[in-house]
Every structure is written in C-alpha cells, then in structure tokens.
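Q: I would like a close look at one part of this model. Please keep it brisk and tie the pieces together.

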Amino acid sequence: MSKETEKQRWQRNFADLLQELRVAQTGVQILFAFLLTLPFSNGFTRTSDFQKDVYIVALLAAASATALIISPVAFHRALFRQGRKPELVRFAHRMATGGLAFMLISMVSAVLLITDFVLDRPIAFLLSALTGLWFLTFWAALPFARRNWGDDDIDDEDDSPRVAND
C-alpha cells in the first residue's frame with residue numbers, strides 16, 4: 001500500500017469533513033424548518049414571554065448553525081482551483097465546530113421551549129439540562145476521551161490535520 005501525498009491527505013480530509021457536514025446539515029435544517037413554522041401554529045399564541053424568548057434563542061441559534069455548517073461550501077466555491085485545500089480544511093473544521101455548538105444551543109432551547117409549554121418549569125429545566133449533558137457526552141466528552149484511540153494502528157491514523165492555530 002502506498003503512502004498518500006500531502007495533497008491527497010488534504011483532499012481526503014476535506015471529503016470526510018463534507019460527509020460529516022451533510023449529516024449535521026440535515027439535522028439543523030429540520031430543526032430550523034420546525035422553528036420557522038412554529039409561530040404560525042395555533043398554540044403559539046398561548047406561549048409565555050419566557051417561552052417566546054427561548055424560542056428566539058432557539059431560532060437564532062439554528063440560523064447561526066445553518067450558516068456555519070453551510071459556509072464551507074461557499075468558501076470552497078470562492079477558493080475553487082486555487083490550490084488552497086489546507087486553508088479550506090482548517091476553515092471548514094472551525095465552521096463545523098461552531099455550527100455544532102450553535103446546533104447544541106438550538107436543540108436544548110427547543111427542548112426547553114416544548115417542555116416548558118407542556119410541563120412545570122422546574123421539570124422543563126431539568127429535562128433541558130439533561131438533554132444538554134446528553135449531547136455534550138456524545139459530541140464532546142466521549143470523542144475527547146477517546147482521541148488517542150487506535151494510536152497503535154497506522155492504517156487508522158487520525159484524519160484531522162495537525163496544524164498550529166487549530
């Protein structure tokens with residue numbers, strides 16, 4: 001098996017990142033669409049001021065997540081065929097990370113909005129906190145705890161580029 005070149009590695013990293021973004025994009029688009037239609041539903045008029053504030057946080061966080069998760073496509077278009085794949089991969093990595101952070105805020109806010117609407121507020125806060133912890137466990141704690149998994153296996157080397165300023 002031949003070693004991949006630096007250019008091939010950057011190309012593979014970018015392709016892998018795009019696949020990840022496709023998954024995240026679908027989730028955030030569904031959540032954003034739900035939030036966009038919510039004020040037009042019959043029950044929305046019964047929401048409290050607190051629930052409306054939580055709705056605004058969820059909506060703006062979903063919009064921010066959407067912008068960040070889609071931004072690598074626009075960046076790629078602007079840099080197309082300029083030989084700047086390393087810069088593109090580093091940018092896309094940062095935007096994906098930021099997009100996931102805003103998606104977390106939006107998801108937890110949406111859970112708070114719905115649970116506060118149907119349950120007592122203390123239970124809504126508890127369920128929302130548990131939701132946030134659940135997401136953080138799978139999106140941050142476990143990945144960081146397992147970062148060095150498979151260090152002995154050369155073929156499954158960490159795909160993320162190791163660069164300063166990341």
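Which residues have the most contacts inside the largest nonpolar core? Please start there and work outward to the helices around it.

A: This is a predicted model. Its largest nonpolar core has 13 residues. Those with the most contacts inside this core are L35, L38, Y55 and L113. Three helices feed the core: helix 1 (6–37), helix 2 and helix 3 each supply at least two residues. Helix 2 gives the most, with five residues.

Now take the helices in pairs. Two packed helices are described by the angle between their axes and the distance between the axes.

Start with helix 2 (residues 49–79) and helix 3 (residues 85–118). Their axes come within 8 Å. The axes cross at roughly 160°. An angle over 145 degrees counts as roughly antiparallel, so helix 2 runs roughly antiparallel to helix 3. The crossing of helix 2 and helix 3 is left-handed. What lines this contact? The residues where helix 2 meets helix 3 divide into 24 nonpolar, eight polar and three charged.

Next comes helix 1 with helix 3. The axes of helix 1 and helix 3 come within 10 Å and cross at roughly 25°. Angles under 35 degrees count as roughly parallel, so helix 1 and helix 3 are roughly parallel to each other. The crossing of helix 1 and helix 3 is left-handed. The residues of this contact divide into 19 nonpolar, five polar and two charged.

Return to L113, one of the core residues with the most contacts. The C-alpha atom of L113 is separated by 10.0 Å from that of S48. Along the chain, S48 and L113 are 65 residues apart. S48 is found in the loop between helix 1 and helix 2. S48 has a relative accessibility of 26%, so S48 counts as partly exposed.

One charged pair completes the picture. Side chains of opposite charge can pair when their charged atoms come close. The structure holds one salt bridge. D116 forms a salt bridge with R121, and their closest N and O atoms are 2.9 Å apart. The two partners can be placed by accessibility. D116 counts as buried because its relative accessibility is 7%, under the 20% cut-off. R121 is partly exposed, with a relative accessible area of 33%.

In short, the core draws on helix 1, helix 2 and helix 3, and helix 2 gives the most residues to the core.

Conventions: Residues are numbered from 1 along each chain as its sequence is written. This is a predicted model: local features need pLDDT of at least 70, side-chain atom pairs count only at pLDDT 80 or more; totals for chains, interfaces and linings use all residues. Side-chain values use heavy atoms; hydrogens and water are left out. Axes are lines fitted to C-alpha atoms, for helices over the stretch in contact, and angles run from 0 to 180 degrees between N-to-C directions. Helices (H or I, at least four residues) and strands (E, at least two) are DSSP runs, numbered from the N terminus. Angles under 35 degrees count as roughly parallel, over 145 as roughly antiparallel, 65 to 115 as roughly perpendicular and the rest as oblique. A crossing is left-handed if the near helix is turned anticlockwise from the far one by less than a right angle, and right-handed if clockwise. Ala, Val, Leu, Ile, Met, Phe, Trp, Tyr, Cys and Pro count as nonpolar, Asp, Glu, Lys and Arg as charged, and the others, Gly among them, as polar. A salt bridge is a side-chain nitrogen of Lys or Arg within 4 Å of a carboxyl oxygen of Asp or Glu. Buried means under 20% relative accessible area, exposed over 50%, partly exposed in between (1.4 Å probe, protein chains only). A nonpolar core is a set of buried Ala, Val, Leu, Ile, Met, Phe, Trp, Tyr and Cys residues joined through side-chain atoms within 4.5 Å.
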